[in-house]
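Let's take a walk through this model together, stopping at a few residues and at the empty spaces between them. Keep the viewer open as you read.

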Amino acid sequence: MAPVSINNVRKSYGALEVLHGVSIDIADGEFVVLVGPSGCGKSTLLRMLAGLEDISAGEISIGDRVVNGLQPKERDIAMVFQSYALYPHMTVEQNMGFSLKLARAPKEETRDRVAKVAAMLNLGDYLDRYPRQLSGGQRQRVAMGRAMVRNPEVFLFDEPLSNLDAKLRVQMRSEIKQNHHRLKTTTVYVTHDQIEAMTMADKIVVMHGGIVEQMGSPLELYDHPANLFVAGFIGSPAMNVIGGKVSGGGFVGDDGTRIALPFSVTEFEGREMKLGIRPEHLLLDANGHAAEIITIEPTGAETQVLLRLAGHEIVGVFRERILQKPGEILHVSLIPERIQLFDGKSGQRIDFREAA
């Protein structure tokens, strides 16, 4: 186990700069998820950490060693890829023990370490099989086991669950997290799936356009997004955003709908703002705002309703059964203390309660 420090790291391909001075501190034993849309730079950063991409500027340290100039095999890391990258002519046991064989570890030690990890991953009955004889989930376990037997200082995961079906992804998320609790190895995990990030991470790093938009615990990012990008990316369904401005001590939507605020905004009178509210923070309220129903999606335990409110389409998630039909009116209110406000131009969240 070791802490990881990424300090002002940049990556350029000729004149094209794809990482713009990224800095992240990862504590010893921490599970950090890099998340963001395709092209945001998360996989490039992971490959630089692994030594598979050169660093254009900045510094990466693993433990007390600066690793900028070290080859991947010298960094004491283990990487799990999306494609599994198993040797098809080797058995499960041979695949898992191959790195120890290259390191000339004693055969008995290799056998013992492979058996221990295989038992942990429920692969004990498959050690004599070849990858072609395994399911996708079993192959991913073998790829994880191959990394685990090395007992590295840092685990690196590059979208390892993307090739699995939805049910198996849920199962594998749980298994990866359980293994992390057992091993306590520093882990950096890349995904574009914010549900994976929310359910697995100790700390999430949200990236966009080669920069870090925000980092923090899952609930910190969910409850207090730094800007509109994070608000829209973290959460499913995404946070609702309503355009408008501050007027008369409250928020007035683009269509003139007035929404009361639980905090003072007098110093921002006339300023363009965006109001954010999570779908689950809408309440059915006979005295609330009149919203037109566009579509209704019952999921069993909850009902998702697409509404038109204050000139914008928003989503509400309700525990109650919705009996109305599309085109009819549903009256809803916003939980006041859950309202977020963002600057209309920069998109940055403003904490009015501190500003006032």
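Between which two strands does the loop that holds Arg75 lie? The loop runs between strand E5 (65-66) and strand E6 (77-80). Bear in mind as you look that this is a predicted model.

Arg75 is a good place to pause. Is this residue buried or exposed? Arg75 is buried, and yet it has no salt bridge. The nearest side chain of opposite charge belongs to Glu74, 6.9 Å away, whereas a salt bridge calls for a side-chain nitrogen within 4 Å of a carboxyl oxygen. What you can find instead is a backbone partner: a polar atom of the Arg75 side chain lies 2.9 Å from the backbone oxygen of Met48. Leaving aside residues up to four places away in sequence, Arg75 touches Met48, Leu49, Ala50 and Gly51, together with Ile62, Arg65, Val67, Asn68 and Leu70.

From that loop, step along to the open space that E6 helps to line. The largest pocket has a volume of about 610 Å³. Its lining is made of 20 residues, and those closest to the centre are Ile77, Ala78, Met79, Ser99 and Arg150. Which elements give two or more residues to this lining? They are E6, helix H2 (92-102) and helix H4 (136-148). H2 provides the largest share, with 4 residues.

Now for the enclosed spaces. A search of the whole structure turns up 2 cavities of 30 Å³ or more, and the largest cavity holds about 100 Å³ of space. Its lining includes Phe31, Met144, Met148, Phe155 and Phe157, and also Asn179, His180 and Thr187. H4 appears again here: along with strand E7 (154-158) and helix H5 (166-183), it supplies at least two residues of the lining. The largest share, 4 residues, comes from H5.

Our last stop is Thr191, in strand E8 (residues 186-191). Why does Thr191 count as buried? Its relative accessible area is 1%, and buried means under 20%. The side chain of Thr191 has two polar neighbours to inspect. One of its polar atoms lies 2.9 Å from the backbone nitrogen of Asp193, and the side chain also makes a polar contact with that of Glu196, at 3.1 Å. Glu196 is also among the residues that Thr191 touches beyond four places in sequence, as are Val33, Leu34, Val35, Gly36, Lys42, Glu159 and Ala197.

Definitions and conventions
Residues numbered from 1 in each chain as written. Predicted model: local features only at pLDDT ≥ 70, side-chain atom pairs only at ≥ 80, totals over all residues. Heavy atoms only, no water. Buried < 20%, exposed > 50% of the residue type's maximum accessible area, 1.4 Å probe, protein only. Lys, Arg positive; Asp, Glu negative; His and termini not counted. Polar contact = N/O pair within 3.5 Å; in protein donor to acceptor, adjacent residues only side chain to side chain. Contact = heavy atoms within 4.5 Å. 1 Å grid on protein atoms, 1.4 Å probe; cavity = no way out; pocket = protein on both sides within 12 Å on 5 of 7 lines; lining within 4 Å. Points joined across faces, edges and corners; volume = space filled by probe spheres on them.
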